[in-house]
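Please look through the structure below from one end of the chain to the other. The paragraphs that follow take up a few of its parts in turn.

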Amino acid sequence: MVEYFFKGGPFMYPILIALIIGIMFSIERFWTLMRASINARRFTHRIREALEKGSIDDAVEICANTRGPIANVLQAGLTRAGRGIEAVEKAVMTAGTIEMAFLERNLVWLATVVSLAPMLGFLGTVSGMVNAFDAIAQANDISPSLVAGGISEALLTTMFGLIVAIIIQFCHNFFVARIDKIVTDMEESTQEMVDTLVAKQ
């Protein structure tokens, strides 16, 4: 692989930088989203039990002792339970928007790498073909040995650019799926909390 890398020409370096950036943000998102994931059903059941016993403070304490966006959103709603259901729903919507931004942070960089890596590869392809035709023009002869280097550079940069894009695209799609799961759990939990508060009135 190292030999192929150096044969790929100067455009292999920006492709490598794009891969490093993509991996760095992928590791950061993986760590963050794994910490944000909880057993939503069990957590919501504990909140509902606390509310049914008439203790909003206990429910707030459960949220405070639980990490993740679901707990943060429910805590935002529960702290305003004394102001009525409309205040709870507004707080939940505001907190949900903030948590969504937190969950989706840095995904734009992964999408950028996915778009940029193949473009750098194609640019390397064009550069390699230009070098191949320059070699032909200078030698005034079409020989396989003359054009092999330029064509090899062209194909290698394209290949590496696509490999980087495939790897980071897989990571991006995985994170989007995890975020969708967390958001669904968040919506179900908040709806169940609101329903429990309404039933208590």
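**A walk through the helices**

Leaving aside neighbours within four places in sequence, F174 is in contact with F30 and M34. This is a predicted model, and F174 is found in its helix 8. The separation of F174 and F30 along the sequence is 144 residues, while their C-alpha atoms are 9.2 Å apart in space. F174 has a relative accessibility of 34% and therefore counts as partly exposed, the range for that class being from 20% to 50%.

The chain as a whole can be described next. Its secondary structure consists of eight helices and zero strands, and the pattern read along the sequence is α-α-α-α-α-α-α-α. The chain has 201 residues, of which 42% count as buried. Its accessible surface comes to about 11600 Å², and carbon and sulfur atoms hold 64% of that surface. Among contacts in the chain with a separation of 6 or more, 76% are between residues 24 or more positions apart.

Two helix pairs show how parts of the chain pack. Helix 3 covers residues 40-52 and helix 4 covers residues 56-64. Their axes come within 7 Å and cross at roughly 160°. Angles over 145 degrees count as roughly antiparallel, and helix 3 and helix 4 are therefore roughly antiparallel to each other. The crossing in which helix 3 passes helix 4 is right-handed. On the side of helix 3, the contact is made by F43, R46, I47, A50 and L51; on the side of helix 4, by I56, D58, A59, I62 and C63. Sorted by class, the residues of this contact are eight nonpolar, no polar and two charged.

The other pair is helix 2, residues 12-36, and helix 6, residues 85-104. These helices pack at an angle of about 140°, and their axes are 10 Å apart. Helix 2 and helix 6 are therefore oblique to each other. Here R29, T32, L33 and A36 of helix 2 meet F102, L103 and E104 of helix 6. The contact of helix 2 with helix 6 has four nonpolar residues, one polar residue and two charged residues.

Beyond helix 6 comes a loop that leads to helix 7, and N106 is found in this loop. What is the phi of N106? The phi is positive, at about 75°, although N106 is not a glycine. With a relative accessibility of 18%, N106 counts as buried, since the cut-off for that class is under 20%.

Helix 7 spans residues 107-139, and M129 has its place there. M129 is partly exposed, because its relative accessible area is 30%. M129 and I151 are 22 residues apart in sequence; from C-alpha to C-alpha they are 6.0 Å apart in space.

Helix 8 spans residues 144-200 and includes T158. Is T158 buried or exposed? Its relative accessible area is 17%, so T158 is buried. Leaving aside neighbours within four places in sequence, T158 is in contact with G121, F122 and T125. Helix 8 is also where F174 is found, and the contacts of F174 with F30 and M34 bring the account back to its starting point.

Key:
Residues numbered from 1 in each chain as written. Predicted model: local features only at pLDDT ≥ 70, side-chain atom pairs only at ≥ 80, totals over all residues. Heavy atoms only, no water. Axes fitted to C-alpha atoms, helices over the stretch in contact; angles between N-to-C directions. Helix = DSSP H or I, 4+ residues; strand = E, 2+ residues; numbered from the N terminus. Parallel < 35°, antiparallel > 145°, perpendicular 65-115°, else oblique. Left-handed = near helix turned anticlockwise from the far one by under 90°. Contact = heavy atoms within 4.5 Å. Nonpolar A, V, L, I, M, F, W, Y, C, P; charged D, E, K, R; others polar. Buried < 20%, exposed > 50% of the residue type's maximum accessible area, 1.4 Å probe, protein only. Areas by Shrake-Rupley, 256 points an atom, 1.4 Å probe, with all protein chains shown as cover.
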